[in-house]
Amino acid sequence: MTTLYEHGTLAALMAGNFDGTITVRDLLKHGSMGIGTFTGLDGEVLILDNEVYQAVASGKVNHITDMNATMPFASVHFPAEQQGITLTDVNFAKLNNDFVKAHKLNNVFAFLKLNGNFKHVKIRIAPKQEKPYPTLLDVAQHQPEFTADNISGTIIGYYAPEIFGTITAAGWHLHFISDDRQFAGHLLAFDASELTGSFEVFDNLEQHLPVENKEFRESTVDMSTLRDGIAKSEGNAD
Ligand SMILES: [Zn+2]
């Protein structure tokens with residue numbers, strides 16, 4: 001059995017529930033690899049072998065060691081059944097089409113990790129918000145983007161089937177971090193000649209909800225704009 005653990009939902013973020021509801025300490029009990037964000041939608045998080053990195057809107061990357069820091073949304077897992085892969089001439093279009101078809105991902109959750117030299121990378125970083133919080137879509141439309149050329153780094157993230165595109169982002173949700181840990185963020189576009197890494201498919205989804213959080217319990221989700229809002233906020237450029 002391979003399990004993807006999700007804390008919180010993107011639907012709750014869309015409704016502006018940005019307060020952290022799980023500590024890093026508790027999150028790491030459910031996975032050693034993953035992605036997420038901190039309280040106030042403060043940056044883009046990558047968890048690599050239990051090391052937590054946060055890219056903030058200035059472009060700086062912090063190595064997080066405060067186990068009491070809290071997150072409103074995160075996806076993590078313990079690597080269990082990884083398959084090694086090498087991909088050539090790879091970009092988002094190729095991942096979205098060829099890779100999904102070749103590995104029959106349409107109806108499953110999967111994890112992907114790719115490392116190597118990137119010809120081009122485009123990322124964005126959510127800026128920290130203060131209360132009263134706006135919606136995720138409002139934040140998504142005003143966030144700094146950064147690009148880098150000829151940079152060595154790692155992509156990690158998850159694939160989610162279209163039918164789950166309300167609790168999380170449908171399709172690929174990937175974050176990038178450079179090998180020197182100085183450049184990171186939510187991946188919008190990339191281009192590489194050859195990347196190696198691993199992927200795995202999950203047969204179990206554990207969806208954890210912040211039931212003690214008052215705002216979460218009292219918030220309402222606008223279903224008519226939810227899917228489109230998530231796609232605009234968390235989707236990739238292709
Ligand atoms: Zn992201």
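How many bridges join strand 1 to strand 14, and do these strands run parallel or antiparallel? In this predicted model, the two strands run parallel and are joined by 5 bridges. This pairing offers a starting point from which the rest of the structure can be explored.

Strand 1 covers residues 3-7, and 4 of its 5 residues are buried, so the strand is mostly covered. One residue of strand 1, Glu6, stands opposite Gln207 in strand 14. Strand 1 also pairs with strand 8 (residues 73-77), here in the antiparallel sense and over 3 bridges. On that side, His7 has Ala74 of strand 8 as its bridge partner. In general, the strands of a sheet pair through backbone hydrogen bonds, in either a parallel or an antiparallel manner.

These pairings belong to a wider arrangement. An open sheet is formed by 7 strands in the order 6-5-4-3-8-1-14, with mixed pairing. Its edges are strand 6 (61-64) and strand 14, each of which pairs on one side only. On average, neighbouring strands of this sheet are turned by 15° against each other, direction ignored.

Gln207 allows a closer view of the edge formed by strand 14. This residue is found in strand 14, which spans residues 204-208. Is Gln207 buried, exposed or partly exposed? Gln207 has 13 other C-beta atoms within 10 Å and therefore counts as partly exposed, since the exposed class ends at 12 and the buried class begins at 20. Not counting residues up to four places away in sequence, Gln207 touches Glu6 and Ile167. Gln207 and Ser75 are 132 residues apart in sequence, yet their C-alpha atoms are 9.3 Å apart in space.

The protein as a whole has 6 helices and 14 strands. Its C-alpha atoms fill a box of roughly 45 × 35 × 35 Å along the principal axes. A compact globule of 238 residues would have a radius of gyration near 18 Å, and the 16 Å of this protein agrees with that value. Of the contacts with a separation of 6 or more, 78% are between residues 24 or more positions apart.

Attention now turns to the interior. Buried residues make up 42% of the 238 residues. In soluble globular proteins, nonpolar side chains tend to be buried together. The largest nonpolar core here has 65 residues, of which Ala74, Ala110, Tyr159 and Phe176 touch the most other members. Strand 10 (residues 109-124) supplies the largest share of this core, with 8 residues. Ala74 thus appears both in this core and as the bridge partner of His7. Beyond its neighbours within four places in sequence, Tyr159 is in contact with Leu105, Phe109, Ala110, Leu112, Gly171 and Trp172.

Finally, some details of the backbone deserve notice. Most residues other than glycine have a negative phi, and most peptide bonds are trans. Lys131 and Pro132, however, are joined by a cis peptide bond with omega of about -5°. Pro132 is placed in the loop between strand 10 and helix 4 (136-140). Asp89, in strand 9 (residues 83-91), has a positive phi near 45°. Asp89 is exposed because 11 other C-beta atoms lie within 10 Å. Lys104 also has a positive phi, near 50°, and lies in the loop between helix 3 (92-102) and strand 10. With 10 C-beta neighbours inside 10 Å, Lys104 counts as exposed.

Technical notes. Residues are numbered from 1 along each chain as its sequence is written. This is a predicted model: local features need pLDDT of at least 70, side-chain atom pairs count only at pLDDT 80 or more; totals for chains, interfaces and linings use all residues. Helices (H or I, at least four residues) and strands (E, at least two) are DSSP runs, numbered from the N terminus. Two residues are in contact if their C-beta atoms, placed from the backbone, lie within 7 Å. Two strands pair if DSSP finds at least two bridges between them. Axes are lines fitted to C-alpha atoms, for helices over the stretch in contact, and angles run from 0 to 180 degrees between N-to-C directions. The radius of gyration is taken over C-alpha atoms; the globule rule is 2.2 Å times the number of residues to the power 0.38. A nonpolar core is a set of buried Ala, Val, Leu, Ile, Met, Phe, Trp, Tyr and Cys residues joined through C-beta atoms within 7 Å.
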